[in-house]
Structure formats: structure tokens, C-alpha cells
Amino acid sequence: MIDKELSQQIYREFMNGRVINELVYQKDGSMQPDARYEELFNNYDSDYRELYENIGYELILKDGFAFSRSLDEDDSYSDVAMKIQSLLMIIARGIQELGYDFELLTTHDAGVSDHLLEQVETGEKRDILLACGLKKSLIDEVKNGLETRNIAYRNAKGKLVLTAAGQGFFDEVFGDV
Amino acid sequence: MIVSTDKTLIVMIEHKQVFLDLIDYLDEQEEGEEIPISVYYNRVRRLIGSISEERDQKRLSQIFDIDNLQQAGLLIDHDRHRAVISFASFVIDMFRHFDSGRLRELSSEQLEVLRTDQNLSLERLKECRIFPGDEQFDDLLVVIFERLRNAQARIKQNVSSLQGQAERLSKIVEEHNLDDLEQTRKTQKALEEINRIYQKHVLPTLQFLNERENLKLGLPALTAVEEIASELENAGLPGISQRVLFAKNSIRSYAKDVETIRKTLERYVRQSNRQRHQYDCIETAFNQLRDEFQLLHDGKLNNKYLDSEAEVFRAGRIFSGLKKQRFEAKLDWHDIDHAQCFDEHLRVELPKLKDKQRNALAKFSDEDTSDLKERTLMLKKRKIQSLMGDCDISASHEDIHQYVHEYLQDKLEQYSLGDLLEGLSWLRSRISAPLRPEFELNTITYNGLCLEYFPLALEGECSD
């Protein structure tokens, strides 16, 4: 049975191009389940999948996160995905080169500081970002491309941490390569 | 000055950290038991530098002098050409025993030696006449038990070492603060060390302790010991056989400890492998992205963008189609009672609509009245024009105003004094004879209005 209020919240999130994660970081530093993800998960087959298909969207429910995509593949279909991938790859490779573990990016009480992001944004990486159409500073692009879409968040220390969606991308990388 | 062996050893033990550091150096180098003299004196100088009393400094310098150590029999080698020294193995072993974390694990080769010993014992026993009192058998029995004790001791030491190492290294990994770069480096090193211990020591020890291990040559160590016990039992020596079985069970009991260590370390080994895999994958994926970017290097880079459909962006396609929809939401799912909303709309809008309608009607009515008045006036003017056209006025008339007044009053409905002036105008335009004003002022009063005028007299016959 669909929860009307949650359904409206989910719709707003998806139409704004945002991901809904299973767990959400709380101000007290804990990770709590997101009721909207549970709502989607529990009613995916019975209601939501068909509902979104009927209005021209594909509802993607992955392990730990969900989002919707338009069934019309226009010119910008892959642009956002390319930018997200570039940002994530630059950050992950950057912190590795500085000597940190990848877990720095995925552990909710650790995270990557703005200072590290500035160190990561070196010559070649800057050029790659430009070639992907990311012209602002890495910190600003991360905010626009990852944080507003719920692919990453800032923890209580103000450091950048990947959500399940961000980690989902790296699961693809670790499985693919 | 030569210091005696016992006193030298006591001082060495009092300052054991120097020798534990040297053992760490040996373990890190993995190049046998040789220590460069420069490394040795570096540690000793650091120790002496930390002591304030000059007398103590001098005493320590003498005790830790290489010549003194050699005289005390604590060095087995002092190679001046290569500038290296080797401590006697009992010295190194002694310090290793002070810290189980520094005990040396048994390598595959050392375990193989222990296994071979047991197989050799069995082989010799089978060749020998088993009879107590027989010199050859008695000598062999001594060797058999010596080998068993050696195996017990070595395995025990090995397990202690593995436990110590596992504890020390796992502590480093568990206390790892991901934000701290130095700790991250130490943890990465600890994980590498765990991986090495796991592969080179833990698994071979478990193989050594496995009685069913399938080997190309000979029997597993414990199986060989079991057979030794059987041979002795069959030869009517159950007491000795029992001692051998006790020794075997003692060795086998360590299998449980080693299995526990294996399970503990396996978690870190998996962590190490996972991190290595992650590192390699990110490196490879980034290099692919960089290569794709470098293909754009064809001179000027202006307006050169990567193609989002390129194969290098395959992993990111899980987010394909994710974007903010650029339109207003077509569905209105807000929690609104539309019937109530419509009623409210009618309540507010209907009065407005009625007012608007009334105003519009009123305006239309005003315009209509105005038109009617204008039209009536127009008709009246035309009537006056017509009447004045029909008017026959005598040529000798002295007061035209009075004449027209009486004429129109008689002929025109709703006559007013204003109509008199309108009639005069039409009369002037009709007659050709001039109108002469008289030098006097007359008055006509009609219907509440009064007109004062200079009377006009017609000169001559009126003609059109």
C-alpha cells in the first residue's frame, strides 16, 4: 500500500535528479534508514515500478539506493553520468596517490577534507575535469554534481563521504576492471 | 677492559630495547642474522646518549664494545671486511622470548626438516630390531624422543610467535585512523606483513599438523609419529608407545591454536587483498580515463570535450538518465480537497463576477441614455429647421424674436427659449434681406427662463 506523503517526497526527489539512499547520515554521526527508500523497496513490484513506467520513467532500484531516469534518451542522457564518473575517479585516484586508503572516502566518520580535494586537483586532473565540461573548482563541482544529487554527503567534520550510490559506482568499477 | 659474559648478558637484558630493535632490523631485512656494525653502533650510541651519568656512559661503551662481546662469546662472527657482526643464536632467541611478537615463525623449509626427522625415525625403527636393552635400539629411542621434543618445542615457539605477530599486527590495523597518513602507511605495511605470515607460516604450519596431508614423498609428520607408536606397540612396548602418542597429541593440540590464528588473520588477508584489488581497479580505470583524455591532444585543446558515450564511461552508466527534469510537475498530488477548493473559489469569484457584470451593464445603460438624448436633440434641431423653412414672415415685422417665439411655441412640442435661438439661426440662413437691430432692450419670459435681446427688424420682403 503506497504511503501518499512518502510517495510525494520520492517523486520530488526524483524529478530534481536526486538519488534516494537506504541509509542517511544523521547529525549525531549515525546512519539511519531512509523511510522513502523503504517505501520504494516494499512497494517496488506492486506499485512504483508500473507507476513510474506509466509516466515515462524507469525506476532504478539498486542495492542501497534508488533513482529514476527518463525513458526518452535525449542528448544529455549520458552527460550527467560522465561528469559523476569523472569526479569520483579523480577523487579516488587522487587520495590514493596521496597515500590514503580508498576507505577514507566511504567511512562515514572519516571522509575527504576540502584541503585534500584541493591537493587532488592538480594539473592533469584539472584538465580531465575541463574535458568533461566541469569548469568550476573541484570543490564546487563536487557540491553540484555529487552532494546535491545525494551521491556524496558531508559528515559532522565537514568531510566528503560517499553514500551507497557513490559506493555503487565503485562496485561497478571493482567488478568491471 | 673485558667484562664477564654473565655481567654483559645482564646489562644487555637491562637494555633489551636495543636488541629488540636489532631483531626488528633483522626481520625487516630478511637477510640472515648479520647486522651491519654501523647499525649496531647507531643503536648503542642512541642508548648511551640517553644516559646522563658519564660513568654509566663509559661503562656501557665498554660492555657493548664489539671486542668485548666477542670475548664474552656472544658473537659468532665479526667480519671486519664486510663490517658485519652475527650474534650467537641463543642470544637472539633469548631476546625473542622476551616478546612473543618477535618470536621467529617456522618457515616451510624448517617444517619440512621436522617432518623429515619423524620420517627418518620411523624408517630407522623399521630397520632396527625392537628390543629394549639392544644398544642400537636404545640409541635410536633416544634420538626418536629427542626429535619429538625438538618438534614439540619448535611448534610451540612457532605458535607463540604467530600469536604474538597476529596480535601486534591486528592491533595496528584495528587502531588505524583513516585520516592519519602515517598510520595509513603503517597499516598498509602491517597488512602486507600479515599476508606474508599467513602464506609463508600459518598455512605451512597447518599443513604440517594435518595428518591427512597428501604428500609426494614420505608421510605427514604426525602420521609418521603415529606409526612409530604402532611399531612400538606391536613390539610389546606399550609404555614407550604411549609416551610417543602423548608427544604426538601434544604437537597436534597446537593445530587448534593455529586454526584460530588462521581465522583471525584471514580477515586481514581478505582486507589486504580487497584493498589491493581496489587500488588496482581505480588505477586502471583512471589510466583509461587519462588515455581517453590524452587522445584529445591534437594540438589545441580549445573546445575539446570527452564523449560521454565513450567506452571508458561504462561504469558510470549506472547513473545514465539521472538529471533534473526541466518542467513543472504535471501531477498534482498535494493533499487538497478539490470540492472545497472549488466552493471557496466560487465564494470569492462569483461576487466579483456579479459586480463586474453590474458595472458593465450600468456603463452600457449610461451610454445608451446619452445616445438617446443626443438623438432627440438632433431630431428637434431638424424639426426646427423644417419649421423655419415653412415660416412666412411679413416684411414689415418689427420684432423677429417675438415672431419666432410665438411661431415655434405654436408649432414645436416641448418648446424652450433655447429653441428660439436655434430657429433664429435657421431664419438668418434662409432670408436674404438684412436684419436690423433696434436700439432698445426687450424681454421674453417663458417657462421659468428669461431672454433679454435687442429686437431685430426685417428690412424688405422675406425671400428664400
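B:Glu127 sits out in the open in this predicted model, with a relative accessible area of 56% that makes it exposed. Its partner is B:Arg124: the two form a salt bridge in which the closest N and O atoms are 3.1 Å apart. B:Arg124 is a bit more tucked in, being partly exposed at a relative accessible area of 33%. Both residues belong to helix α7 of chain B, which covers residues 108-127. They are three residues apart there, or about one turn of the helix.

Another chain B pair works over a longer stretch of sequence. B:Lys380 and B:Asp419 meet through their side chains in a salt bridge, with 2.9 Å from N to O. B:Lys380 comes from helix α13 (residues 338-390) and B:Asp419 from helix α15 (residues 417-430), so this salt bridge ties together parts of chain B that lie 39 residues apart in sequence. As for the surroundings, B:Asp419 is buried, since its relative accessible area is just 8%. B:Lys380, on the other hand, is partly exposed, with a value of 22%.

Then there is a pair that crosses between chains. A:Lys159 forms a salt bridge with B:Asp179, and the closest N and O atoms are 3.6 Å apart. On the chain A side, A:Lys159 is found in the loop between β6 (152-154) and β7 (160-162), while on the chain B side B:Asp179 is found in the loop between α8 (135-174) and α9 (181-209). The two ends fall on either side of the 20% cut-off for burial. A:Lys159 has a relative accessible area of 19% and therefore counts as buried, whereas B:Asp179, at 22%, counts as partly exposed.

Salt bridges can also join up into a network, and chain A has one: A:Glu13, A:Arg18, A:Asp34 and A:Arg36 are linked in this way. Taken over all chains, the search of the whole structure turns up 35 salt bridges, the three pairs described above being among them.

Away from the charged pairs, A:Asn43 is also worth a look. This residue lies in the loop between α2 (35-42) and α3 (44-54) of chain A. Its relative accessibility is 7%, so A:Asn43 counts as buried. Leaving aside residues up to four places away in sequence, A:Asn43 touches A:Met1 and A:Tyr48.

Methods
Residues are numbered from 1 along each chain as its sequence is written. Chains are lettered from A and ligands numbered from 1 in the order in which they are written. This is a predicted model: local features need pLDDT of at least 70, side-chain atom pairs count only at pLDDT 80 or more; totals for chains, interfaces and linings use all residues. Side-chain values use heavy atoms; hydrogens and water are left out. A salt bridge is a side-chain nitrogen of Lys or Arg within 4 Å of a carboxyl oxygen of Asp or Glu. Helices (H or I, at least four residues) and strands (E, at least two) are DSSP runs, numbered from the N terminus. Buried means under 20% relative accessible area, exposed over 50%, partly exposed in between (1.4 Å probe, protein chains only). Contact means heavy atoms within 4.5 Å.
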